Amino acid sequence: MARATPLKAGPADNAEIVAMLAPGDIIEVLDLAHGQAWGKAPGHGLAGYAARADLEPVVPERP
């Protein structure tokens, strides 16, 4: 994550917040739609929705 953002149970603005993602936290994005990213946050053991604008791409290092 590029900045702190809530991980929500659903895509709606008023959906329940299930966790707060901190800058640098990873979310494994499975789908992008309507300004939201849906995926797994392995550091929290949860899945949910986060604002697409708060994502920061991670480029894997090559050996």
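## What counts as a pocket

A pocket is an open set of grid points where a probe fits, with protein on both sides within 12 Å along at least five of seven lines, and its lining residues have an atom within 4 Å of a point. Keep that in mind as you look around this structure, which is a predicted model.

## The largest pocket

Which residues line the largest pocket? Starting from the front of the chain, there is Met1, and then comes a run made of Gly24, Asp25, Ile26, Ile27, Glu28 and Val29. Leu55, Glu56, Pro57 and Val58 complete the lining. If you sort these residues by class, you get 7 nonpolar, 1 polar and 3 charged. The space in this pocket comes to about 190 Å³.

Let's zoom in on one lining residue, Ile26. You'll find Ile26 in the loop between strand E2 (17–21) and strand E3 (28–33). Is Ile26 buried or exposed? The answer sits in the middle: its relative accessibility is 44%, so Ile26 counts as partly exposed, since that class covers values from 20% to 50%. Setting aside neighbours within four places in sequence, Ile26 is in contact with Lys40, Ala41, Pro42 and Val58. Val58 is also part of the pocket lining. As for Tyr49, 23 residues away along the chain, its C-alpha atom is 13 Å from that of Ile26.

## The overall build

How many helices and strands does the protein have? The count is 0 helices and 5 strands, which gives the order β-β-β-β-β when you read from the N terminus. The radius of gyration is 11 Å, close to the 11 Å that the globule rule gives for 63 residues, so the protein is as compact as a globular protein of that length. Along the principal axes, the C-alpha trace spans about 40 × 20 × 20 Å.

Now for the inside and the outside. Of the 63 residues, 25% are buried. The protein exposes about 4400 Å², and carbon and sulfur atoms supply 55% of that area. Among contacts with a separation of 6 or more, 34% are between residues 24 or more positions apart.

## Leu7, tucked away

Leu7 belongs to strand E1 (residues 5–8). Why does Leu7 count as buried? Its relative accessibility is 0%, and buried means under 20%.

Leu7 has plenty to touch, even when residues up to four places away in sequence are left out. Its contacts include Glu16, Ile17, Val18, Ala19 and Leu21, along with Ile27. Further along the chain, Leu7 also touches Ala41, Leu46, Ala47, Gly48 and Tyr49. Take Ala41 as an example: it is 34 residues from Leu7 along the chain, with 8.4 Å between their C-alpha atoms.

## Around strands E3 and E4

Asp31 lies in strand E3, and Gln36 lies in strand E4 (residues 36–41). How do they compare for burial? Asp31 counts as partly exposed, with a relative accessibility of 44%, whereas Gln36 is buried, with a relative accessible area of 12%. The two residues touch each other. Beyond four places in sequence, Asp31 also touches Ala37 and Trp38, while the contacts of Gln36 include Lys8, Pro11, Tyr49, Ala50, Ala51 and Arg52. Tyr49 is 18 residues from Asp31 along the chain, and their C-alpha atoms are separated by 9.5 Å.

What sits in the loop between E3 and E4? One residue there is His34. At 84% relative accessibility, His34 counts as exposed, because exposed means over 50%. The backbone of His34 is worth a look too: phi is near 55°, a positive value in a residue other than glycine.

Definitions and conventions. Residues numbered from 1 in each chain as written. Predicted model: local features only at pLDDT ≥ 70, side-chain atom pairs only at ≥ 80, totals over all residues. Heavy atoms only, no water. 1 Å grid on protein atoms, 1.4 Å probe; cavity = no way out; pocket = protein on both sides within 12 Å on 5 of 7 lines; lining within 4 Å. Points joined across faces, edges and corners; volume = space filled by probe spheres on them. Nonpolar A, V, L, I, M, F, W, Y, C, P; charged D, E, K, R; others polar. Helix = DSSP H or I, 4+ residues; strand = E, 2+ residues; numbered from the N terminus. Rg over C-alpha atoms; globule rule 2.2 N^0.38 Å. Buried < 20%, exposed > 50% of the residue type's maximum accessible area, 1.4 Å probe, protein only. Contact = heavy atoms within 4.5 Å. Areas by Shrake-Rupley, 256 points an atom, 1.4 Å probe, with all protein chains shown as cover.
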